[in-house]
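Reader: I'd like to learn how to read a fold like this one, starting from a single helix and working outward. Could you walk me through it?

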Amino acid sequence: MRPNVRALQDDDRDTECMRRRDFLRGSSAVVAAATLGVPGFAKQPKRIDAEWYRRSRRFASLPMSRVAYVEHGRGPAALFVHGFPLNGYQWRGALERLAPYRRCIAPDVMGLGYTETPESQEITPETQVAMLAALLDSLHIDSVDLVANDSGGLVSQLFVARHPDRVRTLLLTNCDVDENNPPVAFVPMVNLAKKGLFTEKVLVPALNNKEQTRSAKGFGGQTYSYPERFADETIEMYFRPLVETPLRKAQVDHYAVALGINVLVPIRENLRQWKRPARIVWGMKDTIFAPEWADWLDHNLPGSRGVRKVEDAMLFFPEEMPDVIAEEAKNLWGVGLQ
């Protein structure tokens, strides 16, 4: 019997149409997957808020402390070190934006945030360095890209001096530098802490009168570019755990006193020997860390890629301007560039 040529042609067309539909469906799935997880595709990052932070918080039981931290993203590790008296929540916006490119880890240092430290543990910038190294060991991480602000920048410079091979790149924002450790503006806080009064005189009132905290003379007004956006929930996230027990109050004061001792001048030559890539991003309205110290870092870190000066930005601008941090980090890391 001769085949029905027209019927065969119709069957071939139907088969070809099915193949095209399957191909388009498969291609759409690939594109959808790419936009969700592959660097270079536009994607609206999942918003990280206080609830996400509470839900995602983990604890690492280390010899010196039970360290609270969050982790977000995949790839080579990036370590974010917060300022005083904040905690890792400071970096939530940066984590949103950088998770496609790095395994972002934001711990709470000892004495601050939700990290639980025994009364016998000394809390100083040096012991924070030991804690961070132990945390990375516990997570099986050999090296990191360091991103830091304020006292976290102090600790990060010490980390570079003590563990130079564990730092691939360094992104520093307004922080203690060399002889400006401690900055003059922080000395009154140190003096209060020596009397055991910093927490009682600064943090407790900040919690009890949040409008005052956002005022020009309040904590927010002196450290945030946009203090009116310093939300009640954020104030609670930072300060509430620090006043819950006499031990927590004492540890905050203890750490503040330790931050009043210069530990950076002795490592000046260590920093001058570290030649890996560094970038400095500086808020120009900060009244605590003057721009000259950004220039000092630029001149003394051999691998410095210069200073970005952010106008109208105060000390804690990395929290308020995460797009700036993400842009600079990606440039430094050489990722996500179009």
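Author: Happy to, with one caveat: this is a predicted model. Start by looking at what a helix lies on. Here helix α5 (residues 151-162) lies across β3 (77-81), β5 and β6, and α5 runs at about 145 degrees to β5.

Reader: How do β5 and β6 run relative to each other, parallel or antiparallel, and how many bridges join them?

Author: For a strand pair, check direction and then count bridges. Strand β5 (residues 144-150) and strand β6 (residues 167-175) run parallel, joined by six bridges. If you want a place to get your bearings, find Val-144, which faces Val-167 in β6.

Reader: Now zoom out for me. In what order do the strands of the sheet come?

Author: Read across the sheet rather than along the chain. Eight strands make an open sheet, ordered β1-β2-β4-β3-β5-β6-β7-β8, with mixed pairing. At the edges sit β1 (58-61) and β8 (304-310), each of them paired on one side only. From one strand to the next, the twist averages 20 degrees.

Reader: Back to α5. At what angle do α4 and α5 cross?

Author: With two helices, get the axis distance and the angle, then the handedness. Helix α4 (residues 125-138) and α5 have axes that come within 9 Å and cross at roughly 65 degrees. Angles of 65 to 115 degrees count as roughly perpendicular, so α4 and α5 fall in that class. The crossing of α4 past α5 is right-handed.

Reader: Which residues of α4 and α5 meet there?

Author: On the α4 side you'll find Pro-125, Glu-126, Gln-128, Val-129, Leu-132, Ala-133 and Leu-136. They meet Leu-154, Val-155, Leu-158, Phe-159 and Arg-162 of α5. Sort the residues of this contact by type and you get nine nonpolar, one polar and two charged.

Reader: Let me try the recipe on another pair. How far apart are the axes of α6 and α11, and at what angle do these helices pack?

Author: Helix α6 (residues 187-194) packs against helix α11 (residues 246-258) at about 135 degrees, and their axes are 8 Å apart. That makes α6 and α11 oblique to each other, and their crossing is left-handed. The contact comes from Val-190, Ala-193 and Lys-194 of α6, together with Asp-253, Ala-256 and Val-257 of α11.

Reader: And how do the residues of the contact of α6 with α11 divide by type?

Author: Four are nonpolar and two are charged, with no polar ones in the contact of α6 with α11.

Technical notes. Residues are numbered from 1 along each chain as its sequence is written. This is a predicted model: local features need pLDDT of at least 70, side-chain atom pairs count only at pLDDT 80 or more; totals for chains, interfaces and linings use all residues. Side-chain values use heavy atoms; hydrogens and water are left out. Two strands pair if DSSP finds at least two bridges between them. Helices (H or I, at least four residues) and strands (E, at least two) are DSSP runs, numbered from the N terminus. Axes are lines fitted to C-alpha atoms, for helices over the stretch in contact, and angles run from 0 to 180 degrees between N-to-C directions. Contact means heavy atoms within 4.5 Å. Angles under 35 degrees count as roughly parallel, over 145 as roughly antiparallel, 65 to 115 as roughly perpendicular and the rest as oblique. A crossing is left-handed if the near helix is turned anticlockwise from the far one by less than a right angle, and right-handed if clockwise. Ala, Val, Leu, Ile, Met, Phe, Trp, Tyr, Cys and Pro count as nonpolar, Asp, Glu, Lys and Arg as charged, and the others, Gly among them, as polar.
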